[in-house]
Amino acid sequence: MTQTFIAERLFDGRQYHHNLSFAVENGHLQALGSAAGSDAIRLQGLVVPGFIDVQVNGGGGALFNGEPTLECIATIGRAHARFGTTGFLPTLITDRIEVMNRAADAVAEAIARQSTGVLGIHFEGPHLSVPKKGVHPQQYIRRISDAELVLFSRQDLGVRLVTLAPENVAPEVISALVEAGVRVCLGHSNADYDTVRSALAAGASGFTHLYNAMSPLGSRAPGMVGAAIEDEASWCGLIVDGHHVHPAAAKVAIRAKAKGKMLLVTDAMPPVGLDQDASFELFGQQVLRQGDRLNAITGELAGCVLDMNTAVRNAVSLLGLSVEESMRMASEYPAAFLGLEQQGHLAAGKRADFLVLDNELKVQSTYIGGQLVYAAEESVR
């Protein structure tokens, strides 16, 4: 079945169009500018590519570590679709191998069922640095074993992303993971510059939440932050919530990093999508929400209440980026990082994942594969 739309304004990732009609068939866009049918849906506002989030721990009250099931993934996906996320990686932080396997099984089932928005899985740990663990449970941080290597090499999980500390995982192991199709990110690490460079040479291609939980940039010790900003080939995730990274530090990194290599990420936790300032438990430790900030009772930042729509608007308001570049950091660049050629911008043959934004850049409706999955009042007429 073919459905046609008429966009009042449309940003395809490269340029703007006005009063543009387009058709969707079998979840994909047909030629932009095609004739509109009599049943065309009029989209009032700005149509943009859907957002892609590579680091989503929870949402809608659900935490992936707490309930690694298909139902949990669906709850998280619904919560984030309200804020324009059309593709995401359910993210499991450091945990027992049994929990990791259950999470993988749930994602495999979601992929097999083509569950809305699920792109794969992100294992953030458990092969991390204790000094840079943040709220990751120290009792589960460990060296990589055959059990994890077998898990990470599964071919039924969609995109597989693993965050690790390179001082605790040898370059030859990183190379083996990359050869198995795993995308390796570096993070939660106290590694020195040379160790990071060795991991990049072995095939690591990204950095998890730049600046946070990694060895800092110094004048004589560039650390992981210096290596990440210097490297032209790798991608960096950036949490733009005003708490994790000072706007000035974020601006410096964006200006220094090769263009197209900075991604907006949320590191989202269960309160995303909930109106109340609810607290939750993470490995038996209480995490408290105060407005748009989450802290463990011991004081550490414990993920985010951030959503991708707010991250985009913060990139404009806090960092002074253009609307267009902010959109690319939420769609085109993460799609490129994950190797998703059919997503990230709007063109014939691409996935029909798109949003309608109002004049304040707030999401009014979300379409995944051409299907409406979220609509605010009066957003679709």
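This is a short dialogue on cavities and one glycine in a predicted model.

Me: How many cavities of 30 Å³ or more are there?
Reply: Rolling a probe the size of a water molecule over the atoms shows where empty space is left. A cavity is a set of points, on a 1 Å grid over the protein atoms alone, where a 1.4 Å probe fits but cannot get out. By this rule there are two cavities of 30 Å³ or more. The largest cavity has a volume of about 80 Å³, where volume is the space filled by probe spheres set on the points, joined across faces, edges and corners.

Me: Which residues lie nearest the centre of the largest cavity?
Reply: Lining residues have an atom within 4 Å of a point. The largest cavity has 15 of them, with Val 54, Cys 185, Phe 207, Thr 208 and Gly 237 nearest its centre. β13 gives the most to this lining, three residues; strands are DSSP runs (E, at least two residues), numbered from the N terminus.

Me: Is Gly 260 buried or exposed?
Reply: Buried means under 20% relative accessible area, exposed over 50%, partly exposed in between (1.4 Å probe, protein chains only). Gly 260 counts as buried because its relative accessibility is 17%.

Me: What is Gly 260 in contact with, leaving aside its neighbours within four places in sequence?
Reply: Contact means heavy atoms within 4.5 Å. With those neighbours left aside, Gly 260 is in contact with Trp 235 and Tyr 333.

Me: What should I know about numbering and confidence?
Reply: Residues are numbered from 1 along each chain as its sequence is written. Local features need pLDDT of at least 70, side-chain atom pairs count only at pLDDT 80 or more, and totals for chains, interfaces and linings use all residues, while side-chain values use heavy atoms, without hydrogens and water.

Key
On a 1 Å grid over the protein atoms alone, a cavity is a set of points where a 1.4 Å probe fits but cannot get out, and a pocket is an open set with protein on both sides within 12 Å along at least five of seven lines; lining residues have an atom within 4 Å of a point. Helices (H or I, at least four residues) and strands (E, at least two) are DSSP runs, numbered from the N terminus.
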